[in-house]
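Here are a few notes to read alongside the model. I have kept them to points you can check for yourself in the viewer.

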Amino acid sequence: MNSVAWRRFGIRLRLLTPAALTLAAVFISVVPIGVSGLPEVTPFFTLMAVYHWSIYRPELLPAPAVFILGLVQDGLTGGPLGLFALILVIVFGLVSMQRRTFLGKSFQVEWFGFSLVVLGATLVSWLISCVYFVTLVDPRPVVLQGILTLAIYPCIVWIFARVARTALRPSE
Amino acid sequence: MRQRGGNTQRDAMPIKVVVQRFAFVLLAAAAVALMLFNKSNTGAVERFRTVILDAASPVLEVLSQPAITISRVMEEARFLIHLHDENARLREENARLKHWQAAALRLQQQHAGLTALLNARQDPTSTFVAARVIGDSGGPFVRTVLLNAGSRDGVAKGQAAINGDGLVGRVAEVGVRSSRILLLTDLNSRVPAILEPSRDRGVLEGDNTNILQLSYLSAGVQMSPGDRVVTSGHGGVFPAELPIGTVTSVSDGVAFVQPFVQFHRLDYVRIVKHNLAFPPTRDVAGQRTRSSSGPSQ
């Protein structure tokens with residue numbers, strides 16, 4: 001009886017993997033790297049996580065969780081509260097509705113889809129911050145962030161896929 | 001569940017989709033509402049942020065440790081490569097500084113003598129709190145860092161943050177065990193400053209780039225590249241004479257200032273507890289309100 005309860009608990013815990021990885025992405029985004037020569041902006045790790053899970057396991061990272069993780073990121077980065085939450089919820093909504101377009105396709109298709117998402121997220125977040133701060137915000141950092149995000153997406157997604165294969169193996 | 005008729009499932013699907021879409025629209029609207037609320041009611045939002053900050057700070061403190069170690073190792077490697085050049089440079093600098101030390105000692109004595117003679121009022125004293133940088137914004141729209149010191153360590157909103165090179169920024173949010181520094185380079189950073197040679201006052205503004213702008217200088221101010229910029233101490237929040245940077249170029253009455261601090265390499269900072277003759281109210285920096293009930297200056 002007890003072991004069954006523990007197994008159930010273990011399974012439930014494993015189902016939290018996508019949310020836990022996305023939370024890790026939020027934290028990694030704000031860890032100071034402090035190496036001169038590296039750009040000051042860090043890649044948008046959370047966007048990668050939300051995009052990835054909204055294609056493969058949207059049921060394990062529901063919209064309210066995406067919203068809360070976005071809020072945590074807003075709280076930690078010090079930007080307008082709600083900005084990342086909005087971007088991530090929109091990405092989640094659009095991608096999870098269109099996930100069949102990507103499922104079973106080659107990685108290039110997924111990456112191309114991600115490039116569109118990055119383009120949209122970059123543009124929308126820049127426009128919102130211009131309106132929010134009532135000034136023309138320097139677009140170079142956000143463009144650089146977009147390029148970095150797109151460039152390292154394959155590595156990060158490889159890690160996500162490895163972790164998911166171990167943690168979410170079909171043992172239920 | 002699956003034993004139920006296929007019809008029920010077919011009917012239920014659109015409802016599920018509708019509910020999902022409704023939730024999605026609702027959350028997006030909530031995010032927009034939050035941003036509007038953030039703009040109008042900074043106090044409540046700030047409290048919310050500090051709760052997140054305090055909750056996340058133990059995790060960030062652990063995560064930032066390896067990051068700092070890696071950056072130290074890389075700096076060390078860089079240092080070893082340039083060891084010979086660095087040694088020659090330091091020897092030359094040392095000779096120069098010895099000359100300055102003699103000058104400084106002479107001036108210090110002279111200053112002490114004159115101060116005593118004039119019976120001048122002493123500048124308020126400052127005490128410091130050292131704190132480690134445990135996070136930076138990393139985002140493209142703000143320039144802030146997170147520290148592992150908060151109100152329990154005596155950090156208060158509006159205080160100046162410095163390191164060995166000069167002024168870093170000011171405390172913008174304070175949690176119990178963590179706080180956020182708005183860097184000089186942030187879009188919203190405004191610091192009263194003076195040009196050292198002419199003692200002309202201006203306001204130093206950030207724009208998210210690594211170069212600051214010294215604006216609101218009086219017309220016809222003489223300034224040239226290489227001039228030092230320091231805090232003016234006006235407003236009573238920051239101590240005066242904290243080094244900020246040097247003028248790199250001048251155009252249309254605005255001086256472009258290269259800060260002394262290398263913001264991407266911040267690891268430790270000191271928070272200056274400036275002991276004023278009159279106590280500033282808690283939100284002194286953001287709201288520009290100051291207690292006027294203190295003893296007369």
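1. Let's begin with a single pair of residues. B:Val171 has B:Ile181 in S5(B) as its bridge partner. Please keep in mind throughout that this is a predicted model.

2. That bridge belongs to a pairing you can trace easily: strand S4 (residues 167–174) and strand S5 (residues 179–183) of chain B run antiparallel and share five bridges. Helix H2 (residues 42–81) of chain B packs on the sheet, where it touches S4 and S5 as well as strand S1 (126–136) and strand S2 (144–147) of chain B. The direction of H2(B) makes about 75° with that of S1(B).

3. Where do S4 and S5 sit in the wider arrangement of chain B? They are part of a closed barrel of six strands, in the order S1-S2-S5-S4-S3-S12, with antiparallel pairing. Ignoring direction, neighbouring strands of this sheet are turned by 45° against each other on average.

4. Chain B has another barrel for you to follow, again closed by six strands: the order is S6-S7-S8-S11-S10-S9, and the pairing is antiparallel. From one strand to the next, the twist averages 40°.

5. For a closer look at that barrel, try strand S6 (residues 190–195) and strand S7 (residues 200–205) of chain B, which pair in the antiparallel sense over six bridges. Here B:Ile194 finds its bridge partner in S7(B), namely B:Arg201.

6. Helix H3 (residues 83–118) of chain B deserves a quick length check. How far apart should its ends be? With 36 residues at 1.5 Å a residue, H3(B) should span 52 Å, and its end C-alpha atoms are 49 Å apart, which agrees.

7. Is H3(B) largely buried or in the open? To count as buried, a residue needs 20 or more other C-beta atoms within 10 Å of its own. Of the 36 residues of H3(B), the number that are buried is zero, so this helix lies largely in the open. Just after H3(B), B:Asn119 takes a positive phi of about 60°.

8. Finally, have a look at the contact between the chains, which takes 41 residues from chain B and 39 residues from chain A. On the side of chain B that touches chain A, helix H1 (6–40), H2 and S1 of chain B each supply at least two residues. H2(B) gives the largest share of that side, 13 residues. By class, the side of chain B that touches chain A has 23 nonpolar, 11 polar and seven charged residues.

Note on methods
Residues numbered from 1 in each chain as written. Chains lettered and ligands numbered in written order. Predicted model: local features only at pLDDT ≥ 70, side-chain atom pairs only at ≥ 80, totals over all residues. Helix = DSSP H or I, 4+ residues; strand = E, 2+ residues; numbered from the N terminus. Expected span 1.5 Å × (residues − 1). Buried ≥ 20, exposed ≤ 12 C-beta atoms within 10 Å, placed from the backbone. Pairing = 2+ DSSP bridges. Axes fitted to C-alpha atoms, helices over the stretch in contact; angles between N-to-C directions. Contact = placed C-beta atoms within 7 Å. Nonpolar A, V, L, I, M, F, W, Y, C, P; charged D, E, K, R; others polar.
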